[in-house]
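Okay, thanks for coming, everyone. I'll put the model up and then talk through a few residues and the place where the chains meet.

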Protein chains: 2
Amino acid sequence: MVVEIATINVKDGMSEAFEEGVAKARPVILRAEGCHGVSLHKSVEFPLRYRLMVQWESVENHTVTFRASEGFTQWRAAVGHCFAETPSVEHVVEVSLPQ
Amino acid sequence: MVVEIATINVKDGMSEAFEEGVAKARPVILRAEGCHGVSLHKSVEFPLRYRLMVQWESVENHTVTFRASEGFTQWRAAVGHCFAETPSVEHVVEVSLPQ
């Protein structure tokens, strides 16, 4: 399992619209092939900055399958107008630590 | 609850030492006041980059109480020699999304 961490800076005054857009588009992402969870996190230090975290079975489920799908178009239609810039996206894998 | 996201770039060749250091120091962080969880994640795109995610009851539990504690000294002693640069730290709060 990999986690997509998208850092999204929104335009000033667009926080509420962005959160509503994510709420609306979340089911679309959740229905995507290999998607196992979507959560949204707001920065304490930078109030216009969010982290969208999405659990995927593989990086390709996100970067290839989802991005080429109708779901991606719906996601961008719901939130794209709120973006201050193109989001930066990275994928991480949890490191197993002994208990 | 807030989540600390620390972005940590390690020196080339120090990934294994860093992961061992985190495993060693994790119980120290978990014992800190207000700490509710520690996980380590490795970047897919940048193999020397990690995200340490720590659940805290408040930002101050991390930035004030923990950083002034003996636990912080122990954490830095376990992993500090692996850092390629000072980690960048941000805190986020999960946004409640309708199901």
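**Starting from a histidine**

Let's begin with A:His41, which sits in strand S2 of chain A, residues 35-43. Keep in mind as we go that what you're looking at is a predicted model.

So, is A:His41 buried or exposed? It counts as buried, because its relative accessibility is 7% and the cut-off for buried is under 20%. Who does A:His41 touch, once we skip the neighbours within four places in sequence? From its own chain we get A:Arg49, A:Tyr50, A:Arg51 and A:Met53, and from the other chain B:Val92, B:Val93, B:Glu94 and B:Val95. A:Met53 is twelve residues along the chain from A:His41, and their C-alpha atoms are 7.9 Å apart. The A:His41 side chain also has a polar contact, at 2.8 Å, with the side chain of A:Ser39.

**A serine in the helix**

Quick detour within chain A. A:Ser15 belongs to helix H1, residues 15-30. With a relative accessible area of 14%, A:Ser15 is buried too, since anything under 20% gets that label. Leaving out residues up to four places away in sequence, the ones A:Ser15 touches are A:Val10, A:Lys42, A:Pro47, A:Leu48 and A:Tyr50.

**Where the strands cross over**

Now to the other chain. Strand S4 of chain A, residues 88-95, is joined to S2(B) by four bridges, and the two run antiparallel. If you want one pair to find on screen, take A:Glu94, whose bridge partner in S2(B) is B:His41.

Strand S2 of chain B also holds B:Ser43. This serine is buried as well, because 5% relative accessibility falls under the 20% cut-off. What does the B:Ser43 side chain do with A:Glu90? The two side chains are joined by a polar contact of 2.7 Å. The B:Ser43 side chain also reaches the backbone nitrogen of B:Glu45, at 3.3 Å. Setting aside neighbours within four places in sequence, B:Ser43 is in contact with B:Arg49 in its own chain, plus A:Glu90, A:His91 and A:Val92 across the way.

**The interface as a whole**

Let's zoom out. People often give the size of an interface as the accessible area lost when the parts come together. Here, chain A and chain B bury about 2,400 Å² between them, and 60% of that is on carbon and sulfur atoms. Which residues of chain B lose the most area to chain A? They are B:Glu90, B:Val95 and B:Leu97, and together they make up 24% of what that side buries. In terms of residues, the contact takes 27 from chain A and 27 from chain B.

B:Glu90 comes up again on the charged side of things. It forms a salt bridge with A:Arg49, with the closest N and O atoms 3.0 Å apart. The count between the two chains is four salt bridges. As for polar contacts, 14 residue pairs turn up across the interface, taking pairs with both residues at pLDDT 80 or more.

Which elements give two or more residues to chain B's side of this? In chain B, they are helix H1 (15-30), strand S2 (35-43), strand S3 (49-56) and strand S4 (88-95). The largest share comes from S4(B), with six residues. By class, the chain B side that touches chain A has 14 nonpolar, five polar and eight charged residues.

That's my tour, so over to you for questions.

How values were computed. Residues numbered from 1 in each chain as written. Chains lettered and ligands numbered in written order. Predicted model: local features only at pLDDT ≥ 70, side-chain atom pairs only at ≥ 80, totals over all residues. Heavy atoms only, no water. Contact = heavy atoms within 4.5 Å. Buried area = accessible area lost by both parts, 1.4 Å probe. Salt bridge = Lys/Arg side-chain N within 4 Å of Asp/Glu carboxyl O. Polar contact = N/O pair within 3.5 Å; in protein donor to acceptor, adjacent residues only side chain to side chain. Nonpolar A, V, L, I, M, F, W, Y, C, P; charged D, E, K, R; others polar. Pairing = 2+ DSSP bridges. Buried < 20%, exposed > 50% of the residue type's maximum accessible area, 1.4 Å probe, protein only.
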